[in-house]
Amino acid sequence: MGSQEYDFGSIEGKWQKRWEEMGLFAAREDDPRPKCYVLSMYPYPSGVLHMGHVINYTIGDVVVRYKLLRGFKVLSPMGWDSFGLPAENAAIRTGVHPHEFTEGNIARMTQQMRRAGWGYDWSRELATSHPDYYRWTQWFFLRFLEKGLAFKKTAPVNWCPSCQTVLANEQVKDGGCERCGTQVEQRDMDQWFFRMSTYAQRLLDNHARLEGRWPEAVLKLQKEWIGRSEGARVEFRVAETGDPVPIFTTRPDTLWGVTFMSLAPEHPLVEKLVRGTEHEERVMAAVREMRAAGTSEKDLADREKVGVFTGFHVVNPVNGEKVPLWVANFALMTYGTGAVMAVPAHDQRDFEFARKYGIPIKVVIQPEEGSLDPETMTGAYVDPGVMAASGPFDGRRNTEAMPDVISWLEEHGHGRREINYKLRDWLISRQRYWGAPIPVVYCDGCGVVPVPEEDLPVLLPTDVQFREGGGNPLATSESFVHTSCPSCGGPARRETDTMDTFVDSSWYFLRYCDPHNEAAPFGEASLRHWMPVDQYIGGIEHATMHLIYARFFTMVLHDLGLLDFDEPFDRLFCQGMVCKTAYYCPEHKYLKEEEVVDGHREGDIIVDGRCAHCGRPVQSEMTKISKSKFNIVDPDAMMDRFGADTVRLYMLSDAPPDRMQIWSENGINGAWRIINRLWSLALDSLERVAAPGEPVPDDLDVLNREIRRMTHQAIGRVTGAIEGGFQFNTAIARCNELLNALRSGFEKVHPAVLRETLEVILRVLSPIVPHMAEELWERLGHGESVFTAGWPEADPEAAREELVEIPVQVNGKLRSRLHVSPDESREELERLALADERVQKFIAGKEIARVVVVPGRLVNIAVR
């Protein structure tokens, strides 16, 4: 066979232009085919695609093309999450305005996307930083405000003094800003919130509709983030002042074992109690240190537990005992009341804290057998047991007594039954320029006044100053800040905070349905036609922010009467991370490959290498591709070397796309070889294949019947693998088997079988390698695109096994195998098994007690 290299340079550009000309990805509502809305999470326009983008958008594009082949009209849009702090930081560094910076990045990334062959309806392109988009983001804010779902309050926030903005807990790493590393401060500021906490239970309840359609891991992460807890609210009081200190606990059975109370460092009672006392300086110094540390759950879990005694005590309402009141870094204002009762005998964190600071330990749950001594305990006892030193509940099993304890608290006025959620209201204020301005003004006479709808959008001004540490640039614009009150006409000040960019991404999927509507964010008919999104694709890292926010936003819009559905994404698929070997030196941290010396290669990995700077042994680790770890792969460079189709094929060939994808040179070279083997075989076949439409004859020899069987079985297996979880690697593996079968018997393959098998391979692989599939489809004599040809259908007769192997057992042990027709009768299988020479050796001279025949599966002979 010949060996002709695939010329991707000319072919890929040709077909990308052809698809655009034919409007392959243009979605029209008047198209009579059933709809399918496939959406990949839109990117932030950083200016360059990375391999995480490549796997995400390749999966999305393969699904889009597969659905086209299955007869759907597909909505596949693309846009840009184009607001955000990086553009503002770039303006400070370079003097380039965020709009100019962002538009340049969008242009570069659009070019990269087109080069990869990803099919989008570009007529629906949007960017959240364009006024025709953020006008409607502001309009939604006003609707939330009208319904009391947007409100302003003073709240402690994470403040980055370098970026001059508020950070979410998840953006604080080891006490520093995730983006710039500056030590984060805690500040009390007036902030805008969305009242998301009121939707906590509904967000959980709707999971029942998403089970089996969303990854289980995503639903689990959301449940943990929402954090529903059932327990009791109990009223403690400060012994010295009488101030109430309510707490929430899921363990009311341990109330009699409380030996201290912890307040969150941000709790307003801390400063109130110690102000002007001998304890103020000591306590507040410790509090400031605690508040400066990160507050994400991971940070708190990893951090040493520390605290400071306030000098005050609280009274336990169940027994009247006074216990010390501490401030501790593990108590959170974002959970419960910000005050935590501590029971060291029955909570490991409290136990460690009590031992560290010499706080008493009191046992109130004893095991069924034996007795615990607080002096000799080495850890908290957290298993079920019998209540002790617990007043009226002594001797009761704690798990059974729990509801009665809560009822007792209610009867005595000490507390009440309560459900608590970790989910808090969504803080949307950001002290930055490059975001959607919050559309309210402040008037000394009228207070907070919404901007009238007809005055939207509130445009970002251009007369702003971007300075390092210069605060919010919006506040520097006199033309923006000073305005008139829409209510009384008097002087007013605009709000200079902008909205969190997660607000923009909480509704972009709706705007795609009707992107050019100037009278509304979307038209009712368009939304009814396309929504909800049938298949959403993105990383699992978005499980607990974007995906929660988008669900909440959709629920609110439904309740406002703007939508007739309250879940935006019918199915969700989360792609795996792209990983590559990185090299680590204990002294110089992560190294470039050229900084690893004296090693040898095993495949793609350098083994037994040393650091070029200090000579220490270097460790290799398989980890997510990252600039900071010097293991990046440049998609453009790969496409320059191998073309888009090879990159696409490699990304999907080794494992299902929801698993980790390992990048290696050996792997991409292997994909290139597959591309060229198929290309060469197809070109060699052009003179031998039957004419289009020529039927396959009935009188085929064994080889050709076997190739047809493999072909039609492959169709069924590939279809099931794709429908059952996007296992595109199965499609690639089955097509490789067909390719090998054709190559091995090439000269003997009947022309009609050759055409049929080649066309099945091309249609099955076309979503993955679309450019080459189109080119070969055309060279096989087809005038239309392969994506209009339809998905191949398996012929059950052609797919039938001619012979199947049936194991024959004697008393449960395998003794022989029969090769028979798959339709062989029960009676004939029994006759053949009993007559088999190898079986005869084990049944001769014995009584046959029973013969069990499972047609197509097995024969078992019982003898005695």
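Is arginine 648, taken by its relative accessibility, buried or exposed? At 2% relative accessibility, arginine 648 counts as buried, and the legends below, which describe close-up views of a predicted model, begin with the salt bridge of this residue.

**Figure 1. A salt bridge joins arginine 648 to aspartate 61 in the predicted model.**
The closest N and O atoms of arginine 648 and aspartate 61 are 2.6 Å apart, and the pair links distant parts of the chain, with arginine 648 in helix H20 (residues 644-653) and aspartate 61 in helix H2, 587 residues apart. Aspartate 61 has a relative accessible area of 2% and is therefore buried, since the term applies to residues under 20% relative accessible area. Arginine 648 also has a relative accessibility of 2%, so it counts as buried. Side chains of opposite charge can pair when their charged atoms come close.

**Figure 2. Arginine 709 and glutamate 801 meet through their side chains in a salt bridge.**
The N to O distance in this pair is 3.2 Å. Arginine 709 belongs to helix H22, whereas glutamate 801 sits in the loop between helix H26 (796-799) and strand E36 (804-810), so that the two residues, 92 apart, link distant parts of the chain. With 11% relative accessibility, arginine 709 counts as buried, whereas glutamate 801 is partly exposed, its relative accessible area being 31%.

**Figure 3. Aspartate 404 and arginine 396 form a salt bridge.**
Here the closest N and O atoms lie 2.6 Å apart. Aspartate 404 is partly exposed at a relative accessible area of 36%, and arginine 396, with 31% relative accessibility, likewise counts as partly exposed.

**Figure 4. A network of salt bridges links five named residues, Lys14, Arg18, Glu775, Glu778 and Arg779.**
The network brings together Lys14 and Arg18 with Glu775, Glu778 and Arg779. The structure as a whole holds 51 salt bridges.

**Figure 5. The largest cavity of the model encloses about 80 Å³ of space.**
The residues that line this cavity are Leu649, Ile674, Ile675, Leu678, Ile732, Cys735, Asn736, Leu739, Ile761, Leu765, Val769 and Met772. At least two lining residues are supplied by each of helix H21 (665-685), helix H23 (728-744) and helix H24 (751-765), and the largest share, four residues, comes from H23. Sorted by class, the lining has eleven nonpolar residues, one polar residue and no charged residues. The structure holds three cavities of 30 Å³ or more.

**Figure 6. The second largest cavity has a volume of about 60 Å³.**
Its lining is made by Leu85, Glu88, Asn89, Ile92, Ser162, Cys163, Gln164, Arg467, Gly469, Gly470, Gly471 and Pro473. By class, four of these lining residues are nonpolar, six are polar and two are charged.

**Figure 7. The second largest pocket has a volume of about 600 Å³.**
Of the 26 residues that line this pocket, Gln535, Leu572, Phe573, Gly725 and Phe726 lie nearest its centre. The elements that give two or more residues to the lining are helix H2 (51-69), strand E27 (572-574) and helix H22 (702-723). The lining comprises 13 nonpolar, six polar and seven charged residues. Two of these elements also appear in the views above: helix H2 holds aspartate 61, and helix H22 holds arginine 709.

**Figure 8. Met622, Met660 and Ile662 make a nonpolar surface patch of about 250 Å².**
Methionine 622 lies in strand E34 (residues 619-624). This residue is partly exposed, with a relative accessible area of 37%, and it therefore passes the requirement that patch residues have over 30% relative accessible area.

**Figure 9. The whole protein provides the setting for the close-up views, with a C-alpha trace that spans about 100 × 85 × 65 Å along its principal axes.**
The secondary structure of the protein comes to 28 helices and 39 strands. Among the 864 residues of the protein, 54% count as buried.

Terms used
Residues are numbered from 1 along each chain as its sequence is written. This is a predicted model: local features need pLDDT of at least 70, side-chain atom pairs count only at pLDDT 80 or more; totals for chains, interfaces and linings use all residues. Side-chain values use heavy atoms; hydrogens and water are left out. On a 1 Å grid over the protein atoms alone, a cavity is a set of points where a 1.4 Å probe fits but cannot get out, and a pocket is an open set with protein on both sides within 12 Å along at least five of seven lines; lining residues have an atom within 4 Å of a point. Grid points are joined across faces, edges and corners, and a volume is the space filled by probe spheres set on the points. Ala, Val, Leu, Ile, Met, Phe, Trp, Tyr, Cys and Pro count as nonpolar, Asp, Glu, Lys and Arg as charged, and the others, Gly among them, as polar. Patches are made of residues with over 30% relative accessible area and no salt bridge: like charges are joined within 9 Å, nonpolar side chains (Val, Leu, Ile, Met, Phe, Trp, Tyr) within 5 Å. Accessible areas come from the Shrake-Rupley method with a 1.4 Å probe; for residues, only the protein chains shown count as cover. A salt bridge is a side-chain nitrogen of Lys or Arg within 4 Å of a carboxyl oxygen of Asp or Glu. Buried means under 20% relative accessible area, exposed over 50%, partly exposed in between (1.4 Å probe, protein chains only).
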